[in-house]
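Subject: Handover of a structure

Dear colleague,

Please find the sequence and the structure below. My notes on what was found follow directly after them.

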Amino acid sequence: MPPETHPFIRRALELARKSIGLSEPNPRVGCVIARSDGTVLGEGHTQQAGGPHAEIVALRAAKAAGHDVAGATAYVTLEPCSHHGRTGPCCDALVAAGIARVVASCQDPNPLVAGQGFERLRAAGVQVDVGGGAAETRELNLGFFSRMVRGTPWVRLKVAASLDGRTALPDGTSQWITQEPARADGHAWRARAGAVLTGIGTVLEDDPRLDVRMAPAPRQPDVVLVDSRLELPASARLFQPGRRLWIYTAQADAARADKVRALGAEVIALPGPNGKVDLAALLRDLGKRGVNELHVEAGHKLNGSLVREGLVDEFLVYLAPRLLGAGREMAAFGPLAKLDDATMLDFTSVEPIGPDLRILARVRGRDAF
């Protein structure tokens, strides 16, 4: 059976999905080690940063079960790493264990790997086959691929709105437009992100925690706040023990910065035009900090700025079966001079979540990297 349809690649992809919300900033990878007769010797998926990668977990599982992996095949969803990071090279561990063949879905886009893992395996006499599950692996790791290729996270903007596109009443009242199943689903999307971004307007109005409470979360995402004038109050619920808070500002007021730093936040000055934060520079900085997926939960003004500057990759929209008439829109940008100037989207998923509807819409062409 060719690698592209091999069931062990499918199983490795299932395992890789277990790394969602766990492995940041590392990619989500699964591995199955099996003999030629189909006997599975060990399997695993990448653990938390600093923990073992999928190949190491699978090798350890095989050893714990008393299996000798010499001559076996390792089916893995991404090229085994070849560099020393928090852990040693996985390709060396596979060679040392006597693995005879590696079937990998695709090459690692990390410049520190980028084919070198395959080269080292082949140089050691290991047969390497590439292909099968490549599209699924890339989609599962779109944030990692984005950071490695573009230098910025995959930006997903989440909105909860009425059917006529209103996210709040004119006075700002928005709790709750959608029902609990949609809110829990939104928390699951928060959990998979490396960081959650919001604006100071949302904090001053709603004082959100932006943590994951309604879904399993092996780790809490970091928090990113756009606060041009450093107005964040000391009482804000964004301050949580053990959780990183990065505040991006447009001013260099040392006294205000020292106050929020004393509460545990990091302040980064990235001034842009008109006294605002340079949002494109913010994304580049988050890429350097290892954020693969950035989950945006902000107000209509910051949403509008991100859309206007072409910085959003994907929209996660929950539509409630109700009409609000007047109210706040999803994103305040425009007006457009002509229809051809519209941001074009492709629907990638539309499905009911309880009584509400969840739409995933990708900005056309944003995944072409």
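I begin with one residue and its surroundings. Leaving out residues up to four places away in sequence, G304 touches A331, A332 and F333. G304 lies in helix α11, and its relative accessibility of 0% makes it count as buried, since buried means under 20% relative accessible area. Please keep in mind throughout that this is a predicted model.

**Annotated positions**

G304 also belongs to a group of positions in the UniProt record. An unreviewed entry there gives the annotation "binding site" to A160, W176, T202, S228, G299, H300, K301, L302, N303, G304 and S305. These positions span 146 residues in sequence, and the farthest two C-alpha atoms are 28.1 Å apart, so they do not all gather at one spot. G299, another member of the group, is found in the loop between β12 and α11. Its relative accessibility is 26%, and G299 therefore counts as partly exposed.

W176 is on that list as well. The place of W176 is in the loop between β7 (166-168) and α7 (180-192). The peptide bond that leads from Q175 to W176 is cis, with omega near -5°.

The feature "binding site" is also placed by UniProt, again in an unreviewed entry, at S174, R190, D206, L210, R213 and E297. Three of these residues can be described in more detail:

- D206 has its place in helix α8 (residues 200-206). With a relative accessible area of 36%, D206 is partly exposed.
- L210 is found in the loop between α8 and β9 (222-226). It is buried, with a relative accessible area of 4%. Phi of L210 is near 55°, which is a positive value in a residue other than glycine.
- E297 sits in the loop between β12 (293-296) and α11 (300-308). It is buried, at a relative accessible area of 13%.

Which residues does E297 contact, leaving aside its neighbours within four places in sequence? They are K158, R190, L197, T198 and L210. Among these partners, R190 and L210 carry the UniProt feature "binding site" together with E297.

**Two packed helices**

Two packed helices are described by the angle between their axes and the distance between the axes. Helix α2 (residues 54-64) and helix α3 (residues 90-97) pack at an angle of about 25°, and their axes are 9 Å apart. As angles under 35 degrees count as roughly parallel, α2 and α3 are therefore roughly parallel to each other. Their crossing is left-handed. On the α2 side, E55, I56 and L59 take part in the contact, and they meet C90, A93, L94 and A97 in α3. Sorted by class, this contact has 6 nonpolar, no polar and 1 charged residues.

**Further backbone features**

A cis peptide bond is also found from E24 to P25, with omega near 0°. P25 lies in the loop between α1 (7-17) and β1 (30-34).

N274 has a positive phi, near 60°, although it is a residue other than glycine. The place of N274 is in the loop between β11 (266-269) and α10 (279-288). Is N274 buried or exposed? N274 is exposed, with a relative accessible area of 77%. The C-alpha atoms of N274 and N292 are separated by 29 Å, and the two residues are 18 residues apart along the chain.

With kind regards

Note on methods
Residues are numbered from 1 along each chain as its sequence is written. This is a predicted model: local features need pLDDT of at least 70, side-chain atom pairs count only at pLDDT 80 or more; totals for chains, interfaces and linings use all residues. Side-chain values use heavy atoms; hydrogens and water are left out. Axes are lines fitted to C-alpha atoms, for helices over the stretch in contact, and angles run from 0 to 180 degrees between N-to-C directions. Helices (H or I, at least four residues) and strands (E, at least two) are DSSP runs, numbered from the N terminus. Angles under 35 degrees count as roughly parallel, over 145 as roughly antiparallel, 65 to 115 as roughly perpendicular and the rest as oblique. A crossing is left-handed if the near helix is turned anticlockwise from the far one by less than a right angle, and right-handed if clockwise. Contact means heavy atoms within 4.5 Å. Ala, Val, Leu, Ile, Met, Phe, Trp, Tyr, Cys and Pro count as nonpolar, Asp, Glu, Lys and Arg as charged, and the others, Gly among them, as polar. UniProt positions are given in the numbering used here, feature names are shortened, and annotations may be inferred rather than shown by experiment. Buried means under 20% relative accessible area, exposed over 50%, partly exposed in between (1.4 Å probe, protein chains only).
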